[in-house]
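Welcome to a short tour. Keep your viewer open and select residues as we go.

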Amino acid sequence: MFIPKLYRSEDYDLMREIIKENSFALLISSVDKIRATHSMMMLNEDNPENIYIETHISRANPQAKTLQNGDEVLCDFLGAHTYISSSWYDHMNVSTWNYEAVQIHGKVEIMNHDELYAHLDKLTSQYESFQQCPMMVKDMGREFVEKEMKGAFGIKVIPTEIFIKQKLSQNRKDNDFNNIITQLEQSDDNARKIAEKMKLIKK
């Protein structure tokens, strides 16, 4: 991901927020050819000094058939994003897009049986706990879960590089910057979220 210095962030709390709120992300590899799979991802921070991404894909997926321990992959998370019209400036310019994104380059570690079971348990708990009648892994019975697990390929992605981008019109003068916020506040949820983020960086 190309990140001009103006848009580069080292805010790991922002990284956590983007991953948590946009966890259905892209797993990209290029072992034999470029492959990309949308999958549910979680940031594991059990050990703050050794964080990693955990996810799983179908064993029938060609990507699962090619990935091995040590292979390099890219996890791509797109956060809030919205169109920025050039009509909002007080001068002639081009339209653009404001957005937040995280890309994590890392090495693959294939999960063993127990790690995959724990991953599925944790992932299910995260999303089922808010349901009216939650169905947790423990409610399904170990025999059923382990049968279904045969079709899942679990991996950890150990980060080697982390990139955090926050492109929020930082290159605009105050008048244009404030007008962009005003226009975004009158639009959809994603646009309003970008407006709130712009207010925060202005402080």
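A residue is called buried under 20% relative accessible area, exposed over 50%, and partly exposed in between (1.4 Å probe, protein chains only). This is a predicted model, where local features need pLDDT of at least 70, side-chain atom pairs count only at pLDDT 80 or more, and totals for chains, interfaces and linings use all residues. Residues are numbered from 1 along each chain as its sequence is written, and side-chain values use heavy atoms, with hydrogens and water left out.

**Stop one: a strand residue.** Select Gln-103, in strand β6 (residues 96-110); strands are DSSP runs of E, at least two residues, numbered from the N terminus. Is Gln-103 buried or exposed? Gln-103 is buried, because its relative accessible area is 11%. Now add Asp-76: its side chain and that of Gln-103 share a polar contact of 2.7 Å. Such a contact is a pair of N or O atoms within 3.5 Å; within protein, one must be able to donate a hydrogen and the other to accept it, and residues adjacent in sequence count only if both atoms are side-chain atoms. Show Met-1 too, since the Gln-103 side chain reaches the Met-1 backbone nitrogen at 3.1 Å.

**Stop two: a charged pair.** Select Arg-16 and Asp-13, whose side chains form a salt bridge (3.2 Å, N to O). That term means a side-chain nitrogen of Lys or Arg within 4 Å of a carboxyl oxygen of Asp or Glu. Asp-13 is exposed at 55%, while Arg-16 is partly exposed at 31%. Add Glu-45 to see a salt-bridge network linking Asp-13, Arg-16 and Glu-45.

**Last stop.** Select Met-135, which is partly exposed at 41% relative accessible area.

Key: Helices (H or I, at least four residues) and strands (E, at least two) are DSSP runs, numbered from the N terminus.
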